[in-house]
Amino acid sequence: YLNGLNLIGLKRRGFSNEAIQQLMDIYQKLFEEDRNTPLVERIHKVEVSFKNNPNVAALLEFIRFDSKR
């Protein structure tokens, strides 16, 4: 069950307000908008739209990583 981003952790790690807002927007695109579209497609759309953003790349890598979270 996913409930949102760890905003306090992001701030403690030194993420700017702009970077946090962008990650929140991406989270919304991935998990709250258009739930009828497969997650793989939503990930691809975000990846294409933000391909030069290292924070987005890290988030998508985390989502793709197969683990028992």
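This is a short chat about the fold, the salt bridge and a charged patch of a predicted model.

Reader: What does the secondary structure of the chain come to?
Author: The chain has 4 helices and 0 strands. From the N terminus on, the order is α-α-α-α.

Reader: And how compact is the chain?
Author: Its radius of gyration is 12 Å, close to the 11 Å that the globule rule gives for 69 residues, so the chain is as compact as a globular protein of that length. The C-alpha trace spans about 35 × 30 × 20 Å along its principal axes.

Reader: How much of the chain counts as buried?
Author: 22% of the 69 residues.

Reader: Switching to charges. How many salt bridges does a search of the whole structure find?
Author: The search finds 1. Glu47 pairs with Arg64, with 3.0 Å between the closest N and O atoms.

Reader: Which parts does that pair tie together?
Author: Glu47 is in helix α3 (residues 39–49) and Arg64 in helix α4 (residues 54–64), so the salt bridge ties together parts that are 17 residues apart in sequence.

Reader: How does Arg64 count in terms of exposure? And Glu47?
Author: Arg64 has 45% relative accessibility and counts as partly exposed. Glu47, at 32%, also counts as partly exposed.

Reader: Which residues form the negative surface patch?
Author: Asp25, Glu32, Glu33, Asp34 and Glu41 form that patch.

Reader: Where does Asp25 lie?
Author: Asp25 lies in helix α2, which covers residues 17–31.

Reader: Why does Asp25 count as partly exposed?
Author: Because its relative accessibility is 35%, and partly exposed is the class between under 20%, which is buried, and over 50%, which is exposed.

Notes:
Residues numbered from 1 in each chain as written. Predicted model: local features only at pLDDT ≥ 70, side-chain atom pairs only at ≥ 80, totals over all residues. Heavy atoms only, no water. Patch = residues over 30% accessible without salt bridge, like charges linked within 9 Å, V, L, I, M, F, W, Y side chains within 5 Å. Areas by Shrake-Rupley, 256 points an atom, 1.4 Å probe, with all protein chains shown as cover. Salt bridge = Lys/Arg side-chain N within 4 Å of Asp/Glu carboxyl O. Lys, Arg positive; Asp, Glu negative; His and termini not counted. Charge placed at Lys NZ, Arg CZ, Asp CG, Glu CD. Helix = DSSP H or I, 4+ residues; strand = E, 2+ residues; numbered from the N terminus. Buried < 20%, exposed > 50% of the residue type's maximum accessible area, 1.4 Å probe, protein only. Rg over C-alpha atoms; globule rule 2.2 N^0.38 Å.
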